[in-house]
Structure formats: structure tokens, C-alpha cells
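Biologist: Please take one residue of this model as a starting point and describe its surroundings closely. I should then like to see how that site fits into the wider architecture, and how far the prediction can be relied upon.

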Amino acid sequence: MTEASAPAIALKGVTKRFPGVVANDAITLEFHPGEVHALLGENGAGKSTLIGLLAGMQQPDAGSIELFGTPARIASPRDALDRGIGTVFQHVLLVPSLTVIENLMLGGRWWRPLGREAALRRFDELSKMLGVQIDPDAPVGRLELGQQQQVEIIRALWRDAKVLILDEPTSMLTPQGVEDLGRVMRRLAQSGVAVIFITHKLREAYAFGDRISVLRLGKLVGQLPPERLRIMSEAAVTNEVIRLMFGQLRGHSEEAETLVGRGRHGPTRAVDRSGPPRLELVEVSTHADAGECALKGLTLSLWPGEVLGVAGVDGNGQKHLAEVLAGQRPVASGRILIDGEDVTHEGVPERRERGLSYVTDERLGEGTVGVMSVATNLVLKEVGRPPLWRNGVTLWDRIHERAREQVARHDIRTPSERTPVGRLSGGNIQKVLLARELGEAARIAVFNKPTYGLDLQNTSLARQRIRESAERGMATLVISTELDELLEVADRIGVMFQGRLVGVVENADEVEESVGRMMTGAAA
Amino acid sequence: MSPDGSLAAALRVALPILLAFAAGALVLLALGKNPLDYYTFVFRRGLFSWPGLQETITRSAPLLLIAAGLIVAFRAGIWNLGVDGQFLLAAVVCSAVAPWLIGLLPRWLALAASLAVAAGVGASWSLIPALLKARYGVNEIITTLMMSFLGISLANVLIKLVFRDPTTTVPQTPTLPVPYRLPRLFDTTIHFGVVIALVAILLVHFVMTRTAFGLKLRIVGANPRAAVHAGLPMSGLTFATFALSAALIGMGGAVEILGVHGTVRADWNPAYGLLVIPLVFLARFNGLGSILFVLFFAALQIGGESAARRLGVPHYYVLLLVSLVLLFLAIVEYLDHLTARRRTAV
């Protein structure tokens, strides 16, 4: 660790304001070459803004940035690349239909001919440095997410980056993929790159970081330098970070647990499975479009009062499972039963009539109509039905009145019930969805990634609602890529692997390991 | 809305129009015409003279029905660009059946039946694009445009081969005698079709804003995936949208025949479709707003047509004005958006 030399990046009192919030508040922070610097904080702590500033997408309102000892203005993303700052964003930004090497050759000047030989040499060089093996001629869409991310890292390093920013890189990876990423970061640091590793999981920050900085509400609230970090145990680090983040307040223990990424196991309630299941899928298969994973003979049963967690790496058929259950995707073969009755060919309204509700993960993509009001979105699935419609005529007054009630009851933060739902924050859009889906009539609930992209408070709120619903006797299916989430809410956990549900197990201690193994398809 | 807000809204419409007239003036100057003369003439002829005003209102009847049809489709996110084919085919069949029906039925009934036939013909001409869209997801912009070319040609074939009036030298359909056409309102030259058109567009406005059916169409238009998620019957709604849109457009063809011409000559094609599309956009698919824009445009058209004869300014200069209005509307909107952002950013 070359502490004596100038830091790769030094932030001096950097402040960035957005309407209504100070996203970064006088942050003074240094990133050193040869170091993996873990930046920890919950959603909304200002991590993304900080990346935006370093990647040249935004300019600070106050303060200055120094690169290797000289003040610099990072004018644009291209400028950031020119200055040796490479960024890997949370979501993969590659062209899936192009091959690995074609993706890497993108982004050159338009008048330059593509130099495949030179590109391949550079690719080999970087692959060796990272210790990864990827076929340069494989279409990116065929690679696993972990490998796609490695391609992103190679692209970020393509032009001799001296600083590599990784924004929540582990959120889409299997446990094995996370380990691989840790190894790659280590090797990069050893070759003198300053690695900035952004995460909201303390465990990963401890495992991979040489230095940990903690952000909270836009402020830098503390730092664990390498010399301290080396001599601390994981438990000590955990306590220290929680103290930094939440001060002496004890009331936040639940949030702290989410942050630590080791939520407590849900109360293993005794679920009565002697009666008939409320929901059954028998050998259900679907047709897949290009790039999707279809269901291939999936079977499951769900009893009243239980939460069945469906784990698995994204892209193993979770989306199809959710859509098939909701009734918005046709079944190719197999049967779906609710209360023993065949509902295989019923659509969304009929299944809703039977009490089945679906909270989608694509809140703005399909869950709501962004340009329409909160009130309209609250009734999106009952358009045309009494009592809010009479003979097909919309009773807007009643709709708005009921929306005002729901906004108040579910604490939806919106200027008015007439505000377009697309203007609300992710957490509030989720509240709109929960209010719409978990009404009195709901008896079966399907959640797809219920806390994806939510901040801590909304995350724990959503999980709390899932548990409460189950306690009231609802049959609940939770699909999630966050194993911690399922450990917290589920009674049983199964794993989606290539369109099937493998190995449903009781949620007990030490279940992580077996589930993690199944996620890779090792013990199907 | 506060008085401040409605003032801003009025300005947002008025400003682009004024700017378009100013920019249009430069074009007139370049043509060696006096813009002031031209504008005065056009408005005196199209709006501020009694015969001109009557002509303007009469002209707006088919335009309003087309606008109503387009609003239904566009709100549902379906880009029906086959207006001219649907309009012309409906007009031709209507002009063929109306004289025949007059001999069978009382006048009112015959006219109503002719209108219904026109609506049906229009709707049927949208059946193939609707089927292709609902079944195979084929882009309706392409299919409706192609069906429009086919429709225009087929209309001419029908006039020349099937419905031809043997007593005339120029190929045309049998003429509906003037006493049997749509009645005039009071002592004017304005025919009853204007009332039908106004009722139609108001009805469309009501359906789109106040009914479950309208809301469903708007959901499909604003976010088709949310419509699937909510379990709306997508293919049924697609067919309904196409049929309703094309039926209204077909009725537009009917009122022009039953109210004004009484016959269709071969190669007659007023090509109203592409004229009304920008107006509907200017009104942001709002029925009430469309009425104003259609009247404004009809006045320009009537004034522009006689200005073409009197002042020698080509009549398609009116189109130039409309496109300038659209252009400035976009610019004003963009500037408005920028300042709004700056205001909230402080």
C-alpha cells in the first residue's frame, strides 16, 4: 500500500445538491492506488451521486476533485475515461447480440477502422491480469451475468484505467460469482489500480475491502483505514460500522440487520400443511422468446399461511413463473389449480376474482402507467367494475376519494392523488402497488423481487407486510435474488434453476449453504 | 387551474401560432407577396365574411369526423395512417347506395342507412391491419398506409367499373339529388353533417375521458405492458379501436358526399387524412381542443383556396403554415420544459 504517494483521487469538500436534498455534503475522501476501497451506505446515502461525479456525469456544486495530486474537472464520461477512470455500473450495459470482442471494440472513434488483432491482444492481456477466461467470440447475451460483468470490467480497464469504480457489482451475482469478483478486485489492486467498490452489504465490504468508508445521508460518517481494519474481527467491524451509521440509536436494529446482510431467520412458524394446498402448479411449461428462460415442467404447492421463497440467479425462469401465476402468460402444458379448481386457462381478472394478486418487480415497466395519476393506478386492475364504474361510466369523484383514503392509510408520499405515479420515488410506487394488490380480497400473493431498488426503510416495510399477510393466512410466494431476504421472510425455500424449481427445503439454520449450492445447479 | 395557469396554457398555444405567421410572412416576402395583404385576405375570406364562415364550418364537418377517428386510435397508441383510403372508399360506396336507398326508404332513414354503410365500409377497410396487429404484432403504420393506397385505387376502380353513372361522360357515381341531401341548417349553406360531426367528436371526448372503455384504450396506449399486466383483452381492444376509428373516418366521407357533393368523380381525393393528423397532435388528442384547431385550419383552407385564385399564392402554402405551427409548438414546449426545470433546480 503506497500511502506516501499522491492518492489517485482526492475529493475535497465535495458537495452536490439536488432539488430538496443535499446528495453529497462536503465529502472529503481519498482513494489510493493499490487499494480496494469499499464505500458502504444504504440506498440514498449518496453513493450513486459520488459515482456520477467521478464518472463525469455530473459536476460538483462546491469543493474540488484532484487526480494524482492535480486539480481536475471531469467534464464528461468520455473525459473520465481519458483521465483513466473506468466505471462498471450496476446494470450491464453491453449489446447482447454482439460478441465479447465486438462489444469491446465499440466506443472507438467512428472514423477508425476496427482493429480486431490489436483488440484480441489487449483482451488476452487484461484477461490474464484479471485471471478470467472468456471466449472473445461468444455473444454477450449467452454469457452468465458474472461473466458479462467481467467483460464490463475489461471494458472499463480497456484504456489503461488507473481507477476502477464498481457500483453495487454483487447484486446480480451468485455466491460463487461474488467470490470470483473478489479475486478479480484483489488482482487489480495488486497491479496498482485504485478500486472503488460500492456496496450496501457489510459482509462484502469486510471480505474484499482494504479500507471501508461509510456514507450516510450524503455525509461521510466514518472510515476504517487498513491498519485498523487488519486487526479487527468481522464482528468488531460490524459493530463499528453500525455505530457509525446509526449512532447510539437502538431503534434501527432491523435496518442494521438488512445492512449487515444477515437478516434474522423468519420465525419458523408451524405451517399446517395437512389440508389441501391453496395453489398448485403441476408440470407447468411455457414457450420462451429469444433471450428468455421458459418454465420446463415446474411443480409446486403452496399452503395457506405460508411463505414460499423462490431463490435463484436471475434469468432462470422467475419472470415466467410470476407471469404464469398472475395469468398474464399462457401455459404451454401442465395445470394450475387454485383451491383444487383448474384455473390454467383463466386470465388476470378471473384469477384476481379468486383472490390471487401479483406484485411485479417492474413497477414502472408494467406495474403502473407512469403518466397516469396515483388514483388511476390504484384502480388499474378493476377498470369498468362497480362500484367505481356505473354502466361503464367512470365515477372519478369516488375513485379520487378512495385514492385519498389509500394514500393516507398506506403512507404514500405524493403531492396529491392526481399526481402522475411516475413522479414518485421507487418506494412510494411500491406502496401504490402493495395498496392495490394486498386488499381485503387477496388470498394468494405473488411477489417478484419485492424490495428491488428500495431503500432500507421501505425494504423492511415491504418485508414486514409480507410476513403480516402470511400470518393472516395468506398463501404467499416470494421470488427474490437476494437470499438474505428469503431467509428473513420465507418458511420454505426452493431454487429456480433453468426453468425448474429444485430442492424445496425448510428455512432452518445453515440452509444458506445448500441453497447456494443449488443456485449454481450443483445439487439439482 | 389558477388564472395564471390558464393564461400560460393559452400562451403556449397562441405563441407558436403567432411565430408561425411571422415566419410564414418571411416566406411570402421571398415569394414577392405582401404578407399583410395575404393574411388579411385569408381571414376576411375564411372567417370574417358570412359566406366564408359558412364554407369554413361546412368544411370542418369531415375534418371533425376524421379528427374524432384519429383521437380514438392515437389515444390507444395505434397509428392509423390509412385515413384517405378509409375515407374515400366509404365515400364512394355511400354515394352509390344513397341514391338507391332514397328510392326505398323515407329520406331520414335512407340518409342514416347510408351513413351506417359508410361507417361499416370504413371499419372493414381497417380489418386487415387490425388482424395483423392483434395476431402477429405487425406495425400498423405500414399496413394502414398500404391499405390506404389500395383503398384509393379500389375506390377509383369501383367508380369506373361498378358504380358508374351511365348518363355522364366523366366517370362518376350516380348523383344524389339536392333535395335529398343532408338538410341545411336554418337559412344557411351549412348542412346537418356538421351537427353529426360535432356530436361525434364530443361523444368521443366523453368516452375517452369518462368511461371504462376510454380508460382501457388510454392504458393500452400509454403502457401496453401495463395493460397486459392488468389483464385487459388486448386483441379485442385492438379490433375495437381500429373499427371505431375507421368507422368515424368513413362517416367523414359520407357527410362530405351526402352534404356537399352528392357524387364522387373518378380521381377525386381531397387527402384530408394527412392534414388532420398534425391538428390532432396540436390539440394533444383532446377532443375539445381539436374542434378549435379544425375550425382554425378550415378557415385557413377556405381563405387559402380563394387567395390562391386571387393573390396567386399556392394553396398548399396553408400546409406550410400548419407545419410551422407544429415546429414552433415543439420549440415553445421545449423552452417551457427547460425553464420549468431550471425553476425547480434552484
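**A residue in a loop and its setting**

Modeller: Leaving aside residues up to four places away in sequence, A:Thr414 touches A:Val374, A:Val407, A:Thr419, A:Leu424 and A:Asn428. The model is a predicted one, and the contacts should be read with that in mind. A:Thr414 sits in the loop of chain A that joins helix 15 (396-409) to helix 16 (426-437). Despite this loop position, A:Thr414 counts as buried, because 21 C-beta neighbours lie inside 10 Å and the threshold for burial is 20 or more. A:Glu485, by contrast, is 71 residues from A:Thr414 in sequence, and their C-alpha atoms are 28 Å apart in space.

The next level is that of the domains. Chain A is assigned domain 1 (9-92 + 162-260), domain 2 (264-355 + 441-524) and domain 3 (369-439). Taken over C-alpha atoms, the centres of domain 2 and domain 3 of chain A are separated by 26 Å. Where these two domains of chain A meet, eleven residues of domain 2 are in contact with eight residues of domain 3. On the domain 2 side, helix 17 (residues 456-471) of chain A supplies the largest share, four residues. By class, that side of domain 2 of chain A comprises five nonpolar, three polar and three charged residues.

The nonpolar interior extends the picture. In soluble globular proteins, nonpolar side chains tend to be buried together. The largest nonpolar core here has 172 residues, of which B:Leu65, B:Ala67 and B:Val92 touch the most other members. Since domain 2 (264-355 + 441-524) and domain 3 (369-439) of chain A both give residues to this core, it lies between them. Outside a span of four places in sequence, B:Ala67 has contacts with B:Ile201, B:Val276, B:Leu279, B:Val280, B:Ser290 and B:Val294. A second core, separate from the largest, holds 63 residues, including A:Leu50, A:Val140, A:Ile165 and A:Ala194.

Between the chains, 23 residues of chain A are in contact with 17 residues of chain B. On the chain A side, two or more residues each come from helix 12 (348-353), helix 13 (363-367) and strand 18 (393-394). Helix 13 of chain A gives the most, with three residues. The side of chain A that touches chain B divides into ten nonpolar, eleven polar and two charged residues.

For chain A as a whole, there are 19 helices and 22 strands. Its C-alpha atoms fill a box of roughly 70 × 50 × 45 Å along the principal axes. The radius of gyration of chain A, 25 Å, agrees with a compact globule, because a globule of 524 residues would have a value near 24 Å. Buried residues account for 44% of the 524 residues of chain A. Among contacts in chain A with a separation of 6 or more, 70% link residues 24 or more positions apart.

As to confidence, chain A has a mean pLDDT of 84, with 91% of its residues at 70 or more. Among the elements of chain A, helix 14 (residues 374-378) has the highest mean pLDDT (95), and helix 10 (residues 253-260) the lowest (51). Over residues 248-253 of chain A, pLDDT stays under 50, and the model has one contact beyond four places in sequence for that stretch.

Methods. Residues numbered from 1 in each chain as written. Chains lettered and ligands numbered in written order. Predicted model: local features only at pLDDT ≥ 70, side-chain atom pairs only at ≥ 80, totals over all residues. Buried ≥ 20, exposed ≤ 12 C-beta atoms within 10 Å, placed from the backbone. Contact = placed C-beta atoms within 7 Å. Domains from an automatic or database assignment. Nonpolar A, V, L, I, M, F, W, Y, C, P; charged D, E, K, R; others polar. Rg over C-alpha atoms; globule rule 2.2 N^0.38 Å. Core = buried A, V, L, I, M, F, W, Y, C linked by C-beta atoms within 7 Å. pLDDT = per-residue confidence, 0-100.
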